[in-house]
Every structure is written in C-alpha cells, then in structure tokens.
Amino acid sequence: MAIADPFLSALNPAQREAVTCTEGPLLVLAGAGTGKTRVITYRIANLLRRGVAPASVLAVTFTNKAAREMRERVAALVGSRPLGMTISTFHSLGVRILRAEAERAGYRHGFNICDENDQVSLLRTVLREIRGAVAGLDPRAVLAAISRAKNRFDLPADVLEAASDDWEHLVAAGYERYQTSLRDMNCVDFDDLILLPVLCLRKDEATSRRYRTRFRHILVDEYQDTNGAQYQFLRCLVGPERNICVVGDDDQSIYGFRGAEVDKILGFERDFPGARIVKLEENYRSTASILDLANAVIAGNPSRHHKVLRSTLGRGEKVRCVAVPDEHAEVEYVLRDVTRLLDSSRVSPRSIAILLRAAAQARPFEEKLRLRRIPYTLIGGQSYFDRKEVRDVLAYWKVAANPTEDISFLRIINVPKRGIGSTAIRKLDDLAREAKVPLLEAVGLAAGGAGDFPPALRAAAGHIRDLFERARERLAAGKPARMARALIDEACYREAVDLLYPDPLTRDGRWRTVEDLVASVERWAEENRGGDLVEFLEALALDEMPREDREDGKANDAERRGVLLMTLHSAKGLEFPHVFLVGVEEGTLPHKKAAEDGDAAIEEERRLLYVGITRARESLTITHAAARTLYGEARPRQLSRFVQEVARQDLLLEEAFRPADAATEADVAELLSTYRKSRGR
DNA sequence: CAAAACTGCCTTTTT
DNA sequence: GGCAGTTTTG
C-alpha cells in the first residue's frame, strides 16, 4: 500500500498485518500486553469500513465481560453501535442456536440450564442407581470425567467404546444415564450449550448451511482456551471462504483443567492449512526487567509457538524475590510494602494487586488488611450461586418454570421443613417411576390418594402441589415477577431462613439476599416486558444480567475499591502497576496436584506464573515462605522450581525478610523437624 | 424425622 | 482447621 492510511497509523507493522489480512485463516499470536484488544477492534472496524455487512461478522469470546468490552470499543472506533453484528460468548451463541433448534436435539422449548451444583446432585442419584450401595465414589470426579468427555466432543458411546478399565466403564455408564436424565428433565448443562448445537447443525445440512453462509467473517478471542467441542462448533460455522481469525497466546493457556486444549492454538496451521501467522511481540505494558523474567520462565516449556516479548518501556526496577519464614511474615512483608507504596501518595490502592494461586490463600491477607483499615477487594472465591439461600430460591423458580426438573424440586421439597424425609422421598420417587412422571406430579398423585402415605404427608404434598399450580397459573398469565415473589412467600421460605440462621445478624443478611433476588426478577420483568422466567434464569446462569441488575456483589471495574486480592486465573487479561505474587513455592505453584498429574499440568502451572508476572507494569515482587501452615499442619516449603531454574540469570533481586514478631530461624527449624517426625512414621 | 457425631476432603473455575 | 456430606443416634 503506497498511500499512508491514517486509520492504520495507530498500529505497529505486525498489528497492521493482523488487521488488514482479512481473507482466509489467520492466527494472531498476541503475547501478553501486545495490544490484542486493539487489533481485534481495529480488525472489525476495518472490515466494516471496507463494506462488509455487520450481520456477516461473528466475534466469539469466552466471557461476557470480554464481549461487552469488544462491543464498546468497536462502537467507539466506528462512532456508532454496529447493528446486526454478533459479538457473543461461545455459550450465548450456543444457547441461541439451541433455543431455535431444540426439537432437533430432543429437547422442548423452555429447557433449563443447570449449574454445577445441580449437576453434582443429579450425578449423585445417577451413581446410586448404577452401583447400588457402593459408596466412596466421588460424584465430582465422575462429573469432571464426563465434562472432559463432552469437551472433547465424545458422546457416551465414544466413551464406552474407549473404556478399558472399571473406572472408565463407570464413567461411560454414568455419562449415558446422566445425559438421559437431563433430557428427561428438559435440562442442559453448560457443556451441552456447545455440544448440542453442534449435533443439531451436523444433523441438518440446510440449517448448518444457513449459519455458514451468514457468518462470513469469524473472529475468536482467547483461542488458547478453546476446547474440542468449541473447535467443532467453529468448524460448523466457518464458511467455504474460511475467513476465520483466531487471536490468542499459547503461553497464557491456563484453563486446561476446564477442557481447554493448547493443542488447538498450537495446531491451527494443521487444522486450517494455508493459515497465515502473525506474532505480536512488542509489549506496551511492562518494564524490560519484568519481561526478561517472564521470557526466561516461559522458555522452560518445550512445546509452544516461540515468542519473545520486547519492552517498549525502560528497564525499570529489578523484580524482587523475597524469602520469608512463614505465612504471617509473608503477609507482614507484603502489607508493609503496600503501605509504603500507598504512603508515597502517587500510588492509588487500585494500582496494587496481590495475586494468589488459590482463593484460600486470601484469608490471612484479608484479616490483616481489615485490621489495618486498608481498603481492599477480593475477586473470585465463593460464588454468589454457592449461597444456600440463592440456590433454594432459584430452585423454586426453576421448578415453576420447568416442572419436570427433579433436581431442583428435590432440593426444596422439604425446605422449609414439611416433614418430608428420606423415606417419604423414596416412596414418592417409586411412585414417580411407576407412573413415569416427574416427581412434582407424583407429589400431586400422593396428595390425591395414590400410594401409601400418612395423612400428614398427604397434606404436605397437597400444599406443594397447590403452590406450584398457582405458580404455573401466574406464569401462564405472563406475570413472572408476581409469581416469583408469591412463590417464595407462599412457600414460607422465610421460615427456612429463620431456622437455619439463629443469629439475627446473619439471618437478616441472608433474607436480604432473597429479597434482592426477588427485586432483581421484578426489575428484569419491568425492563423485558413479555420476557418469560426461563429467559431470566438463562441470563442469570450465563452471567448476562445487566450491571445494575446484578445482585451478586461482584464489583465491576469502576466499583472496585482498594487493593486487589485475586487468583492468578481471575487476573488474566488485567494489568496493574504493582504486583505481588505470593506463595511462589513448590506445592502451591506448581500446585501439588499438578505435580502428580504430569508434565502437561506442570507446563500449565508455568504458564500460570507467566500470566502472573506479565500482569505487572512497573514493579513485581515474588514471595515465598520457608514453612507454611496448611490444613492445620506446619509444612516445609521450597521456592518454586520455575524461579529456581532462572535464579542464576541475574534477573532477580533476592531479599530475606524477618519481622520482629515472626518465627525465628530456630522456630522454623523446630517446626520442620516436628513435621518430618510426624511424616516419618 | 431431626440432631449429633463422624468422615474425608482440601486448586484453579471465563460459561 | 473447616466444611460438607454421610452415618448414627435419639
């Protein structure tokens, strides 16, 4: 191109290539901090500018946050909301297709999306049926195996065929029944939101052609996090022109445990022959000192697209690596330094992040931060949906929306206490099986005189039947919000909360949550006139609720106050002027479990450290303790192998820290020797 | 059927 | 050490 184009002048040569190469498969390897988002938004803007119809553009992300950001930045760049363009998460796209094609996959229209808790309860019952009394089977482990199979795009028959030992046969049998139960209850899980659309599209050539010709330009963000099923999904959508552009960084693939396959980004050229590759290596985020360490650490991974991040900034301070005696000293050191930064007054609390391998590590930091009245925000950790009262209320609504859903119904059948215990439930379940009806219907039958039940139980059953009958009527009348409140009221759910939490303070807090949830349905119904409850539940499950409607206390960026405390996983994609990476020890990073799981897991742990390092803009401090109390027991700790490996390269400023009140060397030594003794036996 | 005692676990978690 | 799920006991 001979004429300089002002639109492209804001980009470096590699970025420009990634933006302007619009035809055919393209892999953009975007190292940390190399302007990935800029490339994506410019690329979309460039397509539109060149006359591509917005409706033929599909941009896929993993999170709603990323989708939202992309939409906003494209809008800012082209000056208006590009109407008709699809910018969506994999799962939202899946749901959209599945809602349209549900019958083809054997589902009825208003299916529920069940969350992880529902999945585990369902699997618990499934396993009981398969193995009778054999206990000790962890439903979570089986679920993980099923999910892995689904993410590889393996159906129950595939798993059965490949099964070679008892465990694998069990997984295959569990998977088969689990899937059947889900379908009977008209429920899908998160994995199904990818899997089922693909099955639909494959089954029907005409439909699949429709999507393929519609989306002529596909863009995928964070491609390193794509799993096998998502890959198949993309394959279904890519048209004959193969205009697929994937952007990602194999070095930041940290969701392997969720089924992501680094292999997909490593083998993009194999999957899409003739693909062009553009590497973005110019880093606009971190100092050279930080990037030198990052490059050195990640170089230890054997299979990767070779990249070296180059800093566009100065050298900066050397990365500090601080040895401390124990976890108390670690907190002490970090907070002392945080205070020092804050006192220097140029630094706002929000520019400091303390990054952890596991959410549980946050506790000692939280305690001290609170004690010193340093404002902080904890990100990640226990989800809002893990709260008992939230799960209960949602279970009520799910049953109202989808009365065939036994999992949720079982959850609330005796909440509040109605005298329906395990024996009664077993009998109701027998009745349901015999009559081949959902549990709720069996309860109705029992209330009407079927089976052998004491009068008190028949009364309770009648109450439940009436409760949901009224709920159904209100839903049928198009009054989801009225139904939502009435159902909770009439079910006397308040009683359950009162009984469960005798302490008035927690009780009020829990009840507040319930009221907030009810209020959010009401607000939602107000804003989405004519929308049904299924849609509300879907938006909630997919985390698509508009900001002001989110009652889960998840602070968005603007609301975050104070120092950030978060896991390495939730830090991906973010950046902070000052970063503390704590607990960088063998057993934590790499995690003990990863060491047991082999090389691939260790490589992922290394990438996790790499992600942590590359979050830092100006200063980075790594800490590690000589001993740490874990699960109520003191254990000796060693500096992470990833740091040890590069220790000789003069990349680190090593330091030892011992606060006056912390363990002395003798204490640590004693701790260790008692530990060894206790282990020795 | 509910409360109390007991056991076993203990990473990360975009949707 | 702390939670949740399970089994035992009242």
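A residue counts as near a DNA strand if one of its heavy atoms lies within 4 Å of that strand. With that in hand, let's work through some exercises on this predicted model.

**Exercise 1. Find which helix gives the most to the surface near DNA strand B, and describe that surface by class.**

Step 1. Start with the residues around DNA strand B: there are 29, and those that come nearest are Arg-258, Arg-357, Gly-421, Thr-423 and Thr-567. On the DNA side, sugar and phosphate make up 54% of the strand B atoms that come within 4 Å of the protein.

Step 2. Now look at the helices. H19 gives the most to this surface, with three residues.

Step 3. Sort the surface by class: eleven residues are nonpolar, eleven are polar and seven are charged.

**Exercise 2. For Ala-359, Thr-423 and His-591, state which part of DNA strand B each one contacts.**

Step 1. Take Ala-359. A polar atom of its backbone is 2.8 Å from a phosphate oxygen of DNA strand B.

Step 2. Turn to Thr-423. Here an N or O atom of the side chain is 2.4 Å from a phosphate oxygen of DNA strand B.

Step 3. Finish with His-591. A polar atom of its side chain lies 3.3 Å from a sugar or linking oxygen of DNA strand B.

Step 4. Check against the cut-off: a polar contact is a pair of N or O atoms within 3.5 Å.

**Exercise 3. Describe the second largest pocket: its space, its lining and the helices that supply it.**

Step 1. The second largest pocket holds about 1,200 Å³ of space.

Step 2. Its lining has 33 residues, and Thr-125, Glu-129, Leu-410, Asp-429 and Arg-433 lie nearest the centre.

Step 3. At least two lining residues come from each of the helices H5 (116-131), H8 (166-184), H18 (406-412) and H19 (422-435). H5 gives the most, with ten residues.

Step 4. By class, this lining has 14 charged, eleven nonpolar and eight polar residues.

**Exercise 4. Explain how strand E1 is covered and which strands pair with it.**

Step 1. E1 covers residues 26-30, and five of its five residues are buried, so the strand is mostly covered.

Step 2. Think about the two faces. In a regular strand, side chains alternate between the two faces of the sheet. In E1, Leu-26, Val-28 and Ala-30 point one way while Leu-27 and Leu-29 point the other way, and all are buried.

Step 3. Find the partners. E1 pairs in the parallel sense with E8 (residues 276-280) over five bridges, and Leu-27 stands opposite Ile-277 there. Four bridges also join E1 to E7 (residues 244-248), again running parallel, with Val-247 as the bridge partner of Val-28.

**Exercise 5. Work out why strand E15 is largely enclosed, and name its neighbours.**

Step 1. Six of the six residues of E15 (residues 576-581) are buried, so the rest of the structure largely encloses this strand.

Step 2. Four bridges join E15 to E12 (residues 352-356) in parallel; one pair is Leu-355 with Leu-581.

Step 3. E15 also pairs in the parallel sense with E16 (residues 616-625) over five bridges, where His-578 stands opposite Ser-619.

**Exercise 6. Is Asn-301 buried or exposed?**

Step 1. Locate Asn-301: the residue is in the loop between H14 (288-298) and E10 (310-311).

Step 2. Compare with the cut-off. Buried means under 20% relative accessible area, and Asn-301 has 6%, so it counts as buried.

Step 3. Look for a distant partner in sequence. Glu-604 is 303 residues away from Asn-301 along the chain, yet their C-alpha atoms are 9.0 Å apart in space.

Technical notes
Residues numbered from 1 in each chain as written. Chains lettered and ligands numbered in written order. Predicted model: local features only at pLDDT ≥ 70, side-chain atom pairs only at ≥ 80, totals over all residues. Heavy atoms only, no water. 1 Å grid on protein atoms, 1.4 Å probe; cavity = no way out; pocket = protein on both sides within 12 Å on 5 of 7 lines; lining within 4 Å. Points joined across faces, edges and corners; volume = space filled by probe spheres on them. Nonpolar A, V, L, I, M, F, W, Y, C, P; charged D, E, K, R; others polar. Polar contact = N/O pair within 3.5 Å; in protein donor to acceptor, adjacent residues only side chain to side chain. Buried < 20%, exposed > 50% of the residue type's maximum accessible area, 1.4 Å probe, protein only. Pairing = 2+ DSSP bridges.
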